[in-house]
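Subject: Structure for your review

Dear colleague,

Please find below the structure that I am handing over to you. My notes on charged pairs and cysteines follow it.

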Amino acid sequence: MVALTTRPAAPPASSPAGAPVRRLPALRHLGPNWYASVMGTAIVATAGAGLPWQPPGMRTALTVVWALSVLLLGVLLTARALHWAHHRDQARAHLLDASMAPFYGCLAMALLAVGGATLVVGSDWIGVRAAVAVDLVLFTAGTVTGVLAAVAVPYLMVTRHRPPLADASPVWLLPVVAPMVSAALGPLLVPHLPAGQLRQTLLYCCYGLFGLSLLGALLMLPLVVGRLLTGGPPALALTPTLFLVLGPLGQSTTAVHQLAEAAQGVVPGPYAGGFATLAVLYGVPVMGFAALWLGLAGALVVRALRRGLGFSLTWWGFTFPVGTCVTGLAGLGSRTGLRLFDLAATGLYALLVAAWLVACAGTARRLVTGRLPAPPA
């Protein structure tokens, strides 16, 4: 099939053998999973800004990382638009592929993550007013995209994909986790809205998104655990995706903390107090389960490394989910005053930075050598 071009009436270019040549062949296999690199970069800036200890120069470094995430988002949005224009058949194939379609949730999370990082860190360079405007646009686009993905991808799984339970994967969580990112980052915009109905509306909408995502994740998670217990470890290349389970855990803990912070002075006192209590009563047990899953997933990754696990784009799964646990632990630390949470957040942030550097280096090396983008194995 010849790729769509801007001049459909012109005959397609041909190779010496007479076969059609696609335009922009390098983008042929550029899937939505590439947005994971944007998410993983933006969370480094956001999570670092929330740590209790800020050494000299760290804020500047975080702002540079934020600027890199903005650049990556712009490049990928452009490249994906070209992919849809010139390789529409492949783009549609991604939607009809049960292993690729869930990654459309990454588009929403990339928009949201960069928007949140712009308000938290980027405001140092562009000013608060501009940062709020940028975040408002990206938050709106990311939330709409995330809700659509949370509905459309499960719909496709039911009506078109129909994957067997033996194929259950943490990747299935991606579409339903996207609204949780909105629930965690939306409260940052609450203080910048006019007092009254607008602030309350955004706050309660974020709580609704929290419930949408949490219940969706609770439906998917037993399938993932059941697949592991009955089917054994995933394929080597997919082992890093086990870290995706940390995403809904850390992001929901972050969400209840941020919602409790934003509720002060916005909703009646009893409600605000209840939200603050919920942040602790919910966050501590969930972070306990996150520690359990981190140990299990980490052990399986070590096992996979010993069996020859090589670098692939799935390694970006080590970044954003871990970053959400950093923000969740930092929130618990500030709310309870316990240094245990602060130490845990700092230690996980060191792991996040190391994973981000490895993922950046591996991706850049394979881009330079032409091994990426590559067709899925």
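In this predicted model, the side chains of Asp 89 and Arg 28 form a salt bridge, with 2.8 Å between N and O. The two partners come from distant parts of the chain: Asp 89 belongs to helix H3 (residues 88-95), while Arg 28 sits in the segment before helix H1 (35-49), 61 residues apart. Asp 89 is partly exposed, with a relative accessible area of 23%, whereas Arg 28 is buried, at 14%.

As general background, side chains of opposite charge can pair when their charged atoms come close. The count for this model is three salt bridges, and the other pairs are described next.

Arg 59 and Asp 124 meet through their side chains at 2.5 Å, N to O. This salt bridge also links distant parts of the chain, since Arg 59 is in helix H2 (residues 58-86) and Asp 124 is in helix H4 (residues 104-126), 65 residues apart. Both residues are partly exposed: Arg 59 has a relative accessible area of 31%, and Asp 124 has one of 41%.

Arg 335 pairs with Glu 261, and their closest N and O atoms are 2.9 Å apart. Arg 335 is part of helix H10 (residues 320-336) and Glu 261 is part of helix H8 (residues 246-263), so this salt bridge ties together parts of the chain that are 74 residues apart in sequence. Here Arg 335 is partly exposed, with a relative accessible area of 23%, and Glu 261 is partly exposed as well, at 45%.

I now turn to the cysteines. A disulfide is a covalent bond between the sulfur atoms of two cysteines. How many disulfides does a search of the whole structure find? The search finds zero.

Why is Cys 106 without such a bond? The closest cysteine sulfur, in Cys 360, is 16 Å from the sulfur of Cys 106, which is too far for a bond. Cys 205 is likewise in no disulfide, and the nearest cysteine sulfur to it, that of Cys 206, is 7.1 Å away. To count as a disulfide, the two sulfur atoms would have to be within 2.5 Å.

The surroundings of these two cysteines can also be stated. Cys 106 is buried, with a relative accessible area of 2%, whereas Cys 205 counts as partly exposed, at 44% relative accessibility.

Yours sincerely

Definitions and conventions. Residues numbered from 1 in each chain as written. Predicted model: local features only at pLDDT ≥ 70, side-chain atom pairs only at ≥ 80, totals over all residues. Heavy atoms only, no water. Buried < 20%, exposed > 50% of the residue type's maximum accessible area, 1.4 Å probe, protein only. Salt bridge = Lys/Arg side-chain N within 4 Å of Asp/Glu carboxyl O. Helix = DSSP H or I, 4+ residues; strand = E, 2+ residues; numbered from the N terminus.
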